[in-house]
2 protein chains.
Amino acid sequence: MKKRVLTGDRPTGKLHIGHLKGSLLNRVKLQDEYEQFILIANIQGLTDNYNNPDKIRNSIEELLCDYYAVGIDFDKSTVYIQSEAPEVHEIFIYLSNFVSIQKILHNPTLKTEIEQKNFEKSTPLGFFIYPIHQAADILLVNADLVPVGRDQAPMIEDCREIARKFNQTYGKKILNEPQPLFGVTVNVPGIDGNAKMGKSLNNAIYLADSEKELREKVFRIKTDPNRIHATDPGTVEGNVVFIYHDLFNPNLDEVNDLKERYKKGKVGDVEVKQKLFEAMNNVLTPIRERRQEAEKIKKQLLERAIEGSRKVSKIGREIADQMKEVMQMKFSRI
Amino acid sequence: MKKRVLTGDRPTGKLHIGHLKGSLLNRVKLQDEYEQFILIANIQGLTDNYNNPDKIRNSIEELLCDYYAVGIDFDKSTVYIQSEAPEVHEIFIYLSNFVSIQKILHNPTLKTEIEQKNFEKSTPLGFFIYPIHQAADILLVNADLVPVGRDQAPMIEDCREIARKFNQTYGKKILNEPQPLFGVTVNVPGIDGNAKMGKSLNNAIYLADSEKELREKVFRIKTDPNRIHATDPGTVEGNVVFIYHDLFNPNLDEVNDLKERYKKGKVGDVEVKQKLFEAMNNVLTPIRERRQEAEKIKKQLLERAIEGSRKVSKIGREIADQMKEVMQMKFSRI
């Protein structure tokens with residue numbers, strides 16, 4: 001029997017090349033090796049967008065198109081929508097007796113996010129509980145593995161602890177203790193040099209971008225700011241244009257040649273960027289084409305996700321019923 | 001159309017004469033005037049008893065027998081079990097974006113309970129969120145009225161505020177703003193004189209008590225501690241034996257006569273208590289007899305409660321779906 005993997009996204013916008021390199025391509029690999037579930041976390045997406053539901057709603061179909069475009073196979077992976085498997089909310093409630101609010105308040109990721117969102121004085125309960133709601137996502141499908149970055153390891157550890165406490169309290173192993181699945185961490189900076197790529201920063205290259213948009217963005221990439229003329233020697237390390245070359249250009253000779261000439265002041269930005277554009281366009285063109293295909297069938301993709309949700313809902317119902325059973329709260333008719 | 005009323009109990013033990021006078025008899029009246037829902041809050045009962053599920057499980061059938069005994073009519077009132085209408089958990093999650101953790105932390109009732117339970121340093125999340133989960137109980141059935149004591153008015157106000165915010169955010173009146181229904185507050189002290197009657201205080205007279213237990217407890221009632229001999233003048237005000245006479249003895253002449261003689265030191269405790277026992281036994285005998293009847297059919301009563309839960313589950317599904325609709329998270333198949 002294949003092990004179960006759970007991954008997913010909040011539907012808060014289209015996916016970009018950071019997602020592609022950071023997680024999407026990994027999922028395309030994982031779907032052959034594991035029983036993969038991909039969660040579209042719309043209810044968690046609402047926690048900090050509750051007054052902007054349009055954004056979440058529209059992003060769901062964008063996500064589905066992005067998944068299809070990169071090669072997520074809806075037959076191999078179970079793509080599902082959080083709101084359509086509502087057992088997660090029930091399981092969340094059952095888990096909530098096994099974690100303290102003090103522990104949640106010490107979660108470093110949540111702390112940082114609360115500061116970023118100016119939630120210090122008024123933290124919406126929905127936002128506050130999301131780390132535990134995420135644990136419920138994992139336990140809903142009794143996932144064996146959760147692909148995460150090293151920085152998210154404590155989140156998985158908390159989930160394991162909650163599962164363990166539940167099992168111990170009721171004397172039966174109902175919940176799986178999931179393991180983190182660490183991959184190679186790929187951080188893709190924004191075209192402005194910012195370490196993070198994102199919509200609000202207006203520095204992202206989207207999978208949905210047209211060839212024209214791609215070219216325009218590649219030519220906007222911030223390079224070495226100390227290099228005024230093409231004949232000035234430049235720095236390659238930490239230079240976004242070369243980080244992208246390393247990520248997208250399979251022609252190592254070309255990349256090394258460009259780097260050498262850049263360091264010596266023997267190549268202009270235009271040539272470096274034109275070659276990057278060509279390399280990226282080679283990678284992104286088939287994705288873009290599949291994405292256009294996806295746009296035409298997005299109602300069907302949504303239908304597949306609803307079907308997936310129904311499958312997850314059934315799995316979740318079984319888990320929730322097992323939890324109720326050991327809590328002695330399972331009732332059956334006479 | 002009749003207005004909807006929601007009342008209920010946590011199944012944490014048998015009901016006593018405090019419940020009888022404080023709420024049960026009121027519910028028997030309400031069921032004729034309103035569409036009454038009576039919630040057995042087993043999941044909330046677990047929040048501070050999660051490691052003692054036996055207690056909650058066993059108390060459910062005790063509650064059902066108590067309800068039947070006092071005259072709750074399972075045809076007129078919809079008795080239901082919280083865990084069997086799991087939509088409440090989903091609605092809780094949808095509401096959780098509309099209240100802050102700071103607001104919950106300032107809830108005076110919760111604050112007191114956290115102190116009483118020594119939860120200051122480690123407050124289980126499930127316990128912390130119960131006031132909002134209670135709001136979800138109310139909104140699950142879109143109750144118009146909730147019978148509460150004056151001290152619980154802020155809880156209803158919080159529920160109204162959450163409902164109002166939800167409706168305002170999504171521009172549609174989905175959730176009813178419930179009103180508190182204040183009755184005459186009846187406080188029944190324990191037989192030891194403690195202002196509260198409760199199992200842990202070992203000072204309660206239960207509806208399930210036998211005649212022998214009733215007599216024994218009545219004769220254990222703490223009277224005026226300054227009155228050593230039957231010939232000493234005694235104090236009537238605040239004297240439990242007379243508080244009970246006022247609550248249970250319909251013979252006002254007898255009560256007044258006993259009070260006058262007590263004040264003058266012209267009656268012994270034995271006579272006062274014997275007359276109280278007779279009065280209370282008159283009230284409690286039919287309840288006790290119906291309770292014995294209930295014990296024999298408690299599987300059927302449980303069945304009725306499961307049926308009731310199914311009805312509530314349907315109502316809750318509709319409300320949850322309407323909430324999803326305005327949050328733009330309702331999906332339907334092609």
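Two strands pair if DSSP finds at least two bridges between them. With that criterion in hand, the tour of this predicted model can start inside chain B and then move outward.

**Stop 1: parallel strands in chain B**

Select residues 4-9 and 35-40 of chain B, which are strands β1(B) and β2(B). The two run parallel and are joined by six bridges. To see one of the pairings, display B:Gly8, whose bridge partner in β2(B) is B:Leu39.

Next, add residues 17-33 of chain B, helix α1. The chain passes from β1(B) through this helix to β2(B), and the resulting β-α-β crossover is right-handed.

Now extend the selection to residues 77-81 of chain B, strand β3. Five bridges join β2(B) to this strand, and the two again run parallel. Here B:Ile38 of β2(B) can be shown together with its bridge partner in β3(B), B:Val79. Strand β2(B) thus has bridges to β1(B) and to β3(B). Is β2(B) mostly covered or mostly open? Five of its six residues are buried, and the strand is mostly covered.

**Stop 2: a helix and its packing partners**

Remain in chain B and select helix α11, residues 240-248. Its buried residues are B:Val240, B:Val241, B:Phe242, B:Tyr244, B:His245 and B:Phe248. Add α12 (252-264) and α13 (269-296) of chain B to the display, as the buried residues of α11(B) pack against these two helices.

**Stop 3: chain A as a whole**

Switch to chain A, which has 14 helices and five strands. Along its principal axes, the C-alpha trace spans about 85 × 45 × 40 Å. Of its 334 residues, 44% count as buried. Of the contacts in chain A between residues at least 6 apart in sequence, 77% join residues at least 24 apart.

**Stop 4: the two domains of chain A**

Colour residues 4-188 and 299-326 of chain A as domain 1, and residues 211-291 as domain 2, following the domain assignment. The centres of these domains, taken over C-alpha atoms, are separated by 35 Å. Where they touch, seven residues of domain 1 are in contact with four residues of domain 2. Which element gives the most to the domain 1 side? Select helix α3 of chain A, residues 53-70, which contributes five residues. By class, the domain 1 side of this contact holds five nonpolar and two charged residues, with no polar ones.

**Stop 5: where chains A and B meet**

Display both chains. The contact takes 44 residues from chain A and 44 residues from chain B. On the chain A side, the elements giving two or more residues are α2 (42-47), α3, α4 (87-95), α5 (101-105), α7 (125-128) and α14 (298-326). That side comprises 21 nonpolar, 14 polar and nine charged residues. The copies meet through the same surface, because 100% of the interface residues of chain A are also interface residues in chain B.

**Stop 6: the axis**

Finally, superpose the chains. A turn of 180° with a shift of 0.0 Å along the axis lays chain A on chain B with an RMSD of 0.1 Å. This is the relation of a two-fold axis. To locate the axis, select A:His89: in chain A its C-alpha is the nearest to the axis, at 2.8 Å.

Technical notes
Residues are numbered from 1 along each chain as its sequence is written. Chains are lettered from A and ligands numbered from 1 in the order in which they are written. This is a predicted model: local features need pLDDT of at least 70, side-chain atom pairs count only at pLDDT 80 or more; totals for chains, interfaces and linings use all residues. Copies are superposed by least squares on the C-alpha atoms of residues with pLDDT of at least 70 in both. Domain bounds come from an automatic or database domain assignment. Helices (H or I, at least four residues) and strands (E, at least two) are DSSP runs, numbered from the N terminus. Ala, Val, Leu, Ile, Met, Phe, Trp, Tyr, Cys and Pro count as nonpolar, Asp, Glu, Lys and Arg as charged, and the others, Gly among them, as polar. A residue is buried if 20 or more other C-beta atoms lie within 10 Å of its own, exposed if 12 or fewer, and partly exposed in between; C-beta atoms are placed from the backbone. A crossover is right-handed if, with the strands pointing away from the viewer, the path from the first strand over the helix to the second runs clockwise.
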